[in-house]
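Student: I have a structure open that I have never looked at before. Could you walk me through it while I ask questions as they come up?

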Amino acid sequence: MKIGDLARATGVSPRLLRYYEEQGLLTAHRAGSGGHRRYAEDAPAVVGHIRALLAAGLSTRVIRELLPCVVGPGPEFEHCAAGTLREQLRGLEDKITTLQDARSALSGILATTVPSEGHQG
């Protein structure tokens with residue numbers, strides 16, 4: 001499958017597909033005298049997995065670790081992904097807690113702010 005075909009099949013730009021390849025997430029083989037990229041038939045599914053994992057907030061580094069554990073179109077994962085997924089979830093929960101604390105602190109500061117005369121809001 002050529003890069004243009006993969007882009008049309010997935011809705012992902014050729015530039016982004018090349019980025020996925022540079023990051024080690026997607027594999028292309030060079031074919032012909034022009035060295036055009038050719039992707040395996042499962043490339044649309046792989047791109048779908050990449051997009052789903054990016055949407056879950058995972059970095060390309062983490063996705064590269066997880067892709068060998070993907071099974072099925074879901075993506076579903078073999079047990080080898082469990083530790084990494086748990087670690088990422090803990091990190092996300094820590095960030096949420098930090099943001100909630102910051103929101104509370106900022107709300108408290110705003111509540112003590114005295115409006116100046118002549119200004120609205």
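**Talking through the model**

Tutor: Let us begin with ring contacts: this is a predicted model, and the structure holds one aromatic pair. The two partners are Tyr19 and Tyr20, whose rings are tilted, with 6.4 Å from centre to centre and 55° between the planes.

Student: Is Tyr20 buried or exposed?

Tutor: Tyr20 is buried, with a relative accessibility of 1%, whereas Tyr19 is partly exposed, at a relative accessible area of 36%.

Student: And which residues of α2 are buried?

Tutor: Helix α2 covers residues 14-22, and in it Leu17, Tyr20 and Glu21 are buried. If you look down the axis of α2, these buried residues fall within an arc of 100°, so they line one face of the helix. Arg15 and Glu22, on the other side of α2, are exposed.

Student: Why would residues three or four places apart point the same way?

Tutor: An α-helix has 3.6 residues a turn, so residues with that spacing point the same way.

Student: OK, back to Glu21. Which side chain does the one of Glu21 meet in a salt bridge?

Tutor: The side chain of Glu21 meets that of Arg37, with 2.7 Å from N to O. Because Glu21 lies in helix α2 and Arg37 in strand β2, which runs over residues 36-39, this salt bridge ties together parts that are 16 residues apart in sequence.

Student: How many salt bridges are there by this count?

Tutor: The count comes to three salt bridges. Another one brings together the side chains of Asp5 and Arg8, at 2.6 Å from N to O, and a further one joins Glu65 and Arg61, at 2.7 Å from N to O.

Student: Where do Asp5 and Arg8 sit relative to each other?

Tutor: They are three residues apart in helix α1, which spans residues 3-10, so about one helical turn separates Asp5 from Arg8. As for their surroundings, Asp5 is partly exposed, with a relative accessible area of 35%, while Arg8 counts as exposed, at 63% relative accessibility.

Student: What about Glu65 and Arg61, how many residues apart are those?

Tutor: Glu65 and Arg61 are four residues apart in helix α4, and therefore they are separated by about one helical turn. Glu65 is partly exposed at a relative accessible area of 40%, and Arg61 is also partly exposed, with a value of 45%.

Student: Let me stay with α1 for a moment. Which of its residues are buried?

Tutor: In α1 the buried residues are Ile3, Leu6 and Ala7. Viewed down the axis of α1, they fall within an arc of 100°, so they line one face of that helix. The face turned away from this buried side carries the exposed residues Arg8 and Ala9.

Student: How exposed is Ala9, and what separates it from Val47?

Tutor: Ala9, which has its place in helix α1, counts as exposed because its relative accessibility is 52% and the cut-off for exposed is over 50%. The C-alpha atoms of Ala9 and Val47 are separated by 9.8 Å, although these residues are 38 residues apart along the chain.

Student: Changing topic: how many disulfides does the structure hold?

Tutor: The structure holds one disulfide, and it joins Cys69 to Cys80, with an S to S distance of 1.9 Å. The pair links distant parts of the chain, eleven residues apart: Cys69 is in the loop between α4 (60-66) and β3 (70-71), and Cys80 is in the loop between β4 (76-77) and α5 (82-111).

Student: Are those cysteines buried or exposed?

Tutor: Cys69 is buried, with a relative accessible area of 5%, whereas Cys80 counts as partly exposed, at 47% relative accessibility.

Student: One last thing, about the surface. Which residues form a nonpolar patch there?

Tutor: Leu89, Leu92 and Ile96 form a nonpolar patch on the surface, and together they have about 260 Å² of accessible area. To take one of them, Ile96 is placed in helix α5, and Ile96 is partly exposed, with a relative accessible area of 42%.

How values were computed. Residues are numbered from 1 along each chain as its sequence is written. This is a predicted model: local features need pLDDT of at least 70, side-chain atom pairs count only at pLDDT 80 or more; totals for chains, interfaces and linings use all residues. Side-chain values use heavy atoms; hydrogens and water are left out. A disulfide is a pair of cysteine sulfur atoms within 2.5 Å. Helices (H or I, at least four residues) and strands (E, at least two) are DSSP runs, numbered from the N terminus. Buried means under 20% relative accessible area, exposed over 50%, partly exposed in between (1.4 Å probe, protein chains only). Patches are made of residues with over 30% relative accessible area and no salt bridge: like charges are joined within 9 Å, nonpolar side chains (Val, Leu, Ile, Met, Phe, Trp, Tyr) within 5 Å. Accessible areas come from the Shrake-Rupley method with a 1.4 Å probe; for residues, only the protein chains shown count as cover. A salt bridge is a side-chain nitrogen of Lys or Arg within 4 Å of a carboxyl oxygen of Asp or Glu. Rings of Phe, Tyr and Trp (its six-membered ring) pair if their centres lie within 6.5 Å; planes under 30 degrees apart count as stacked, over 60 as edge-to-face and the rest as tilted. The arc is that of the directions from the helix axis to the C-beta atoms.
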